[in-house]
Amino acid sequence: MEDEEQGGEWAPKAWAHLSSVRSLSPLIQCITNFVSMDLTANTLLSAGASPAMLHSSSESPDFTPQVHALYINVGTLSDGWLPAMTVAAELATKFNKPWILDPVAAGASGFRLKACLDLLSLKPSVIRGNASEIIALANASFGSSTRGVDSSHDSTDAVESAKSLANSSGAVVAVSGAVDFITDGNRVLRARNGVPMMQKITATGCAVTALIAAFVAIDPSHALEATASALAVFGVAGEIGMEMARGPASLRMHLIDSLHGLDQTAVISRVKISAL
């Protein structure tokens, strides 16, 4: 298992995905939250993608059909933004564009859970959340299992829920944590890159979901592999950034710089992805 994680067939795939993003610069429409906009846009730019922070429902009919992927994040959900998310998701589905859902704090309230479930009905290509968010969506329930945007479960606790959600939604489901799990309901991949300090930087989860959108945009027929690649590559950037960082603030800076500067040697030697 260790040999497979440390390179094997998965690291070259991750490098191929990153290289394609850099060469093709996919246009990613981001309807994300106020907290994450800056880090999300800079993550996409540093990886080679082109972010469009466009969230007006009046613009989406003209713009969304032109994008390579759509990213929707419900972190600072409001009555005013939900219709824009719905319109964009409907257009992405209509025009066969991959779209990615980040169901932030899905179990925190009935309003938030219903919004996420309604968006699920519009067929996202990938859902990426922490363990508590994925469990809440899989069970269509909210309440005591959530701590706002933080997870009260380990990612290993949500693997079966992720498989169930993948089968019911048709989406690839990724559970972030100390170990990331990615499943299409049948296959399960595990990514082991990253450092604990990344959890001390707000919006790193939001940013990696945007990166998933960019990777899926250039390889939509292999969303499972593209999602695993994005999670691992982002984790590698965090590992390299941590070698220079003194805390969360400097890690944020070095994370972006490291993602921008990743080369083939670093990706091939560091990516840890395995099949369960």
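How many Å should the 14 residues of helix α11 (residues 248–261) span at 1.5 Å a residue, and how far apart are its end C-alpha atoms? The expected span is 20 Å and the end C-alpha atoms are 19 Å apart, which agrees. That expectation is 1.5 Å times one less than the number of residues in the helix.

Before going further, a word on what you are looking at. This is a predicted model, in which local features need pLDDT of at least 70, side-chain atom pairs count only at pLDDT 80 or more, and totals for chains, interfaces and linings use all residues. Residues are numbered from 1 along each chain as its sequence is written, and side-chain values use heavy atoms, with hydrogens and water left out.

**The whole protein**

The protein has 12 helices and 11 strands; these are DSSP runs numbered from the N terminus, with helices being H or I of at least four residues and strands being E of at least two. Its radius of gyration is 17 Å, close to the 19 Å that the globule rule gives for 276 residues, so the protein is as compact as a globular protein of that length. The radius is taken over C-alpha atoms, and the rule is 2.2 Å times the number of residues to the power 0.38. Along the principal axes, the C-alpha trace spans about 45 × 40 × 35 Å.

Of the 276 residues, 58% count as buried (buried is under 20% relative accessible area, exposed is over 50%, and partly exposed is in between, with a 1.4 Å probe and protein chains only). Among contacts with a separation of 6 or more, 72% are between residues 24 or more positions apart, where contact means heavy atoms within 4.5 Å.

**Two helices and their surroundings**

Back to α11: its buried residues are Ser250, Leu251, His254, Leu255, Ile256, Ser258 and Leu259. Their cover includes α2 (10–24), α3 (37–47), α9 (204–218) and α10 (223–242).

Helix α5 (residues 82–94) can be checked in the same way: its 13 residues should span 18 Å, and the end C-alpha atoms are 18 Å apart, which agrees. Here Leu82, Ala84, Met85, Ala88, Ala89, Leu91 and Ala92 are buried. As a reminder for reading such lists, an α-helix has 3.6 residues a turn, so residues three or four places apart point the same way. The buried residues of α5 pack against β1 (27–31), α4 (60–63), β3 (69–73), β4 (99–102) and α6 (110–120).

Leu82 is worth a look on your screen. Leaving aside neighbours within four places in sequence, Leu82 is in contact with Leu77, Phe111 and Ala115. The C-alpha atoms of Leu82 and Arg112 are separated by 10.0 Å, while the two residues are 30 apart along the chain.

**Three residues side by side**

Here are the relative accessible areas of Leu82 and of two loop residues.

| Residue | Place | Relative accessibility |
|---|---|---|
| Leu82 | helix α5 | 18%, buried |
| Asn96 | loop between α5 and β4 | 70%, exposed |
| Ala203 | loop between β10 (188–191) and α9 | 10%, buried |

The two loop residues also have backbone angles to check. Asn96 is not a glycine, yet its phi is positive, about 60 degrees. Ala203 is not a glycine either, and has a positive phi of about 80 degrees.
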